[in-house]
Amino acid sequence: MKKFRTIAIYLPQYHRTKENDEWWGQGFTEWTNVTKAKPRFRGHYQPHLPKQFGFYDLRVPEALEEHATFAKEYGIDGFCFYHYWFSGKLMLEFPLEQMLKRKSPNFPFMICWANGDWNAAWTGNDNKILLKQEYSDDDDRAHFKYLLPFFLDSRYIRIDGKPVISIYRSFLNPNIEHSLEIWREEARKVGMELYICRMESMGREGIEYMKGFDAGIEFQPHNHNGFMKQYEKWFYIIQSKLHKLSKKIENKPLLFPYDKYVEFQETREYPTDYKYYPAVTPSWDNSARKGKLSFFAFTGSTPALYGRWLKNVLTKFSPYSKEENLVFINAWNEWAEGNHLEPDQKWDLGYLEATKDVIDKFNKEL
């Protein structure tokens with residue numbers, strides 16, 4: 001058993017769907033926004049363009065198989081796939097369903113239910129709801145029934161025999177404890193127990209949000225409020241100077257120096273009153289998705305700084321048991337938000353190599 005299991009979050013957006021064609025135009029995928037991105041200020045690294053894997057289409061099974069091969073080679077122990085369910089309506093389900101059907105790749109995986117509404121916020125139209133998330137007892141049962149074949153798959157990530165599932169924004173469900181109990185009840189009917197986690201993000205963090213859950217998962221970089229307070233005076237001075245370099249930007253960006261953010265993360269202590277799995281991100285820059293809107297980005301991210309952060313996380317984190325040892329990386333392939341381990345044309349294999357270097361030192365077989 002490894003001391004740590006490193007799980008990379010995986011976005012399944014890289015294939016066409018009927019709905020995206022209707023909403024955003026024929027052929028729309030994540031690559032559409034990625035390739036349109038342009039530098040928004042002096043020294044801004046955009047666009048992020050893939051190198052090793054190219055502009056892949058996840059309808060082609062060999063793409064995911066190649067990703068899994070590379071991930072394993074560079075120290076990643078599994079993928080956490082985003083899953084989209086709206087009262088029985090599925091979105092972007094093809095890659096995961098194809099993987100289940102083909103029994104390939106032979107690589108560990110788990111699911112994170114991204115349970116928010118789908119809207120047009122990234123175009124500036126927050127009020128345009130494309131798919132509304134509704135909650136009900138019947139839907140909870142139907143949802144578990146859909147998920148069960150994945151839970152039963154031999155590749156599914158488990159803790160003490162329990163399939164691990166995460167909910168991205170659990171606070172959006174006003175009866176989340178009740179919904180979780182329905183899932184657990186349905187699981188008991190088939191002789192199964194679940195290990196249910198929640199993503200810690202959007203300022204909803206702490207023990208008060210943990211009722212019904214087994215553990216929390218840190219979602220990086222969305223816990224940056226403490227960073228802003230700690231560096232407030234310095235931060236706004238730098239922001240002012242950066243904005244002067246970006247006079248043509250209609251909406252000013254929120255820019256964080258990555259090295260300072262890493263320094264801040266190194267000072268943080270993890271919660272001790274509930275189980276908490278830490279996370280890192282190689283970078284972040286959602287300007288590709290936001291277009292001319294205000295965006296949030298790190299500046300100055302490098303594989304060396306990322307490796308330093310990952311090393312610090314593995315130094316501080318003590319697994320709760322031999323299998324309660326998960327560490328998350330956001331993300332494997334979130335290209336339009338600039339957080340990807342996959343090789344790009346600037347850093348090539350740099351972030352993967354940094355991951356492997358750190359994991360090899362900390363994750364020797366016991």
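These are my notebook entries on a predicted model of a protein.

**Entry 1: overall view**

I started with the totals. The protein has 366 residues, and 56% of them count as buried. I found 12 helices and 15 strands. The accessible surface comes to about 16,200 Å², with 50% of that belonging to carbon and sulfur atoms. I also looked at how far along the chain the contacts reach. Taking contacts with a separation of 6 or more, 75% are between residues 24 or more positions apart.

**Entry 2: the core**

Next I went for the largest nonpolar core, which holds 109 residues. Which members touch the most others? Phe-79 and Trp-332 do. Strand E2, residues 78-86, gives the most to this core, with 7 residues.

I followed that up through Ala-71, which sits in helix H3. Ala-71 counts as buried because its relative accessibility is 0%, where the cut-off is under 20%. Beyond its sequence neighbours within four places, Ala-71 is in contact with Ile-76, Phe-79, Phe-107 and Trp-332. So I met Phe-79 and Trp-332 again here, as partners of a residue with 0% relative accessibility. I also noted the spacing to Phe-107: it is 36 residues away along the chain from Ala-71, and the C-alpha atoms are 9.2 Å apart.

**Entry 3: helix H4**

I then looked at H4, which spans residues 94-102. Which of its residues are buried? I noted Pro-95, Leu-96, Met-99 and Leu-100. They lie on the same side of H4, because they cover an arc of only 135° around the axis. That squares with the textbook picture: an α-helix has 3.6 residues a turn, so residues three or four places apart point the same way. The cover over the buried residues of H4 includes helix H3 (61-73), E2, strand E4 (109-113) and helix H5 (137-152).

Glu-97 is in H4 too. Is it buried or exposed? Neither, as Glu-97 is partly exposed at 32% relative accessible area, which falls between the 20% and 50% cut-offs. Apart from residues within four places in sequence, Glu-97 is in contact with Leu-90, Tyr-146 and Phe-150. Phe-150 is 53 residues from Glu-97 along the chain, and I read 8.7 Å between their C-alpha atoms.

**Entry 4: just after H4**

H4 is followed by Lys-103, in the loop between H4 and E4. Phi of Lys-103 is positive, near 60°, and this is not a glycine. Lys-103 counts as exposed because its relative accessible area is 54%. In the same loop, Pro-105 caught my eye: the peptide bond joining Ser-104 and Pro-105 is cis, with omega about 5°. I flagged both for a reason: most residues other than glycine have a negative phi, and most peptide bonds are trans.

What packs against this stretch? I checked Arg-155, in the loop between H5 and strand E7 (158-159). Arg-155 is in contact with Met-99, Leu-100, Lys-103, Ser-104, Pro-105, Asn-106, Phe-107, Pro-108 and Phe-109, leaving aside neighbours within four places. Arg-155 counts as buried because its relative accessibility is 7%.

**Entry 5: two more backbone oddities**

I found another cis peptide bond from Gln-220 to Pro-221, with omega near 10°. Pro-221 is in the loop between strand E10 (215-218) and helix H7 (225-230).

Asp-160 has a positive phi, near 50°, and is not a glycine either. I placed Asp-160 in the loop between E7 and strand E8 (162-167). Asp-160 is exposed, at 54% relative accessible area.

**Entry 6: H9 against H11**

How do helix H9 (258-267) and helix H11 (303-316) cross? Their axes come within 10 Å and cross at roughly 5°. H9 and H11 are therefore roughly parallel, since angles under 35 degrees count that way. From H9, the residues at the meeting include Tyr-258, Tyr-261, Val-262 and Glu-266. Among those they face in H11 are Leu-305, Tyr-306, Arg-308 and Trp-309.

**Entry 7: Pro-47**

Last, I looked up Pro-47, in the loop between helix H2 (30-36) and H3. Pro-47 is partly exposed, with a relative accessible area of 26%. Leaving aside neighbours within four places, Pro-47 is in contact with Val-34 and Ala-37. I also noted Trp-335: it is 288 residues from Pro-47 along the chain, with 9.5 Å between the C-alpha atoms.

Conventions
Residues numbered from 1 in each chain as written. Predicted model: local features only at pLDDT ≥ 70, side-chain atom pairs only at ≥ 80, totals over all residues. Heavy atoms only, no water. Core = buried A, V, L, I, M, F, W, Y, C linked by side-chain atoms within 4.5 Å. Buried < 20%, exposed > 50% of the residue type's maximum accessible area, 1.4 Å probe, protein only. Helix = DSSP H or I, 4+ residues; strand = E, 2+ residues; numbered from the N terminus. Contact = heavy atoms within 4.5 Å. Areas by Shrake-Rupley, 256 points an atom, 1.4 Å probe, with all protein chains shown as cover. Arc of directions from axis to C-beta. Axes fitted to C-alpha atoms, helices over the stretch in contact; angles between N-to-C directions. Parallel < 35°, antiparallel > 145°, perpendicular 65-115°, else oblique.
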